[in-house]
Amino acid sequence: MNSLTLTGNTGTINDHAKGGLMFRDSLDANSKHISLFVYGLMGLTNQRRIQDGGFSYHDSNHSLPNSNIWLKITKTGNVFQTYYYTDT
């Protein structure tokens, strides 16, 4: 299993700023990826591109309280799972 973990705070986020975690198939700009972002106006969102050169889609949005947040993506075989936790 591979995993990425990030902690931060959701306070005073610019409406269009985003930060988070990303697994990429390669460093190419159009490579396949799975991402978990804290995104200003959208809150928490999963984004993915399932084929090289394809479109990136977002799967879900969750509004977030102004608090500390913990993000995690795990990969087991070809299965990715995303997690988040807030300390509110």
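# Strand pairing and burial in an antiparallel sheet

Y39 has G43 in strand 4 as its bridge partner. The model behind this briefing is predicted. Its open sheet holds four strands in the order 2-3-4-5, paired antiparallel. The edge strands are strand 2 (18-24) and strand 5 (57-62), each of which pairs on one side only. From one strand to the next, the twist averages 15°.

**Pairing in the sheet**

- Strand 3 covers residues 33-39 and pairs with strand 4 in the antiparallel sense, over seven bridges.
- A hairpin of three residues links strand 3 to strand 4.
- I34 also has a bridge partner in strand 4, namely R48.
- Strand 2 pairs with strand 3 as well, again antiparallel and over seven bridges.
- K18 stands opposite Y39 of strand 3.
- Y39 therefore appears in two pairings: with K18 and with G43. As background, strands of a sheet pair through backbone hydrogen bonds, either parallel or antiparallel.

**Strand 3 and S35**

- Strand 3 is mostly covered, with six of its seven residues buried.
- S35 is found in this strand.
- S35 has a relative accessible area of 0%, so the residue counts as buried.
- The side chains of S35 and H33 are joined by a polar contact of 3.1 Å.
- Beyond four places in sequence, S35 touches L21, M22, T45, N46, Q47 and I73.
- In a regular strand, side chains alternate between the two faces of the sheet.

**N46 in strand 4**

- N46 lies in strand 4, which spans residues 43-49.
- Its relative accessible area is 15%; the cut-off for buried is under 20%, so N46 is buried.
- The N46 side chain makes a polar contact of 3.1 Å with the side chain of T82.
- Setting aside residues up to four places away in sequence, N46 touches S35, L36, Y57, H58, D59, S60 and T82.
- T82 thus enters the picture of N46 both as a touching residue and as a polar partner.

**The largest nonpolar core**

- Nine residues make up the largest nonpolar core: L21, F23, I34, L36, V38, L44, I69, L71 and I73.
- Strand 2, strand 3 and strand 6 (68-76) each supply at least two residues of this core.
- In soluble globular proteins, nonpolar side chains tend to be buried together.
- Two core residues, L21 and I73, are also among the residues that S35 touches.
- L36 is one of the core residues and is touched by N46.

**T5 in strand 1**

- T5 is found in strand 1, residues 2-9.
- Is T5 buried, partly exposed or exposed? Its relative accessibility is 46%, so T5 counts as partly exposed.
- T5 and L21 are 16 residues apart in sequence, and their C-alpha atoms are 7.5 Å apart in space.
- Leaving aside neighbours within four places in sequence, T5 is in contact with L21, W70, L71 and K72.
- Of these contacts, L21 and L71 belong to the largest nonpolar core.

Notes
Residues are numbered from 1 along each chain as its sequence is written. This is a predicted model: local features need pLDDT of at least 70, side-chain atom pairs count only at pLDDT 80 or more; totals for chains, interfaces and linings use all residues. Side-chain values use heavy atoms; hydrogens and water are left out. Buried means under 20% relative accessible area, exposed over 50%, partly exposed in between (1.4 Å probe, protein chains only). A polar contact is a pair of N or O atoms within 3.5 Å; within protein, one must be able to donate a hydrogen and the other to accept it, and residues adjacent in sequence count only if both atoms are side-chain atoms. Contact means heavy atoms within 4.5 Å. Two strands pair if DSSP finds at least two bridges between them. Axes are lines fitted to C-alpha atoms, for helices over the stretch in contact, and angles run from 0 to 180 degrees between N-to-C directions. A nonpolar core is a set of buried Ala, Val, Leu, Ile, Met, Phe, Trp, Tyr and Cys residues joined through side-chain atoms within 4.5 Å.
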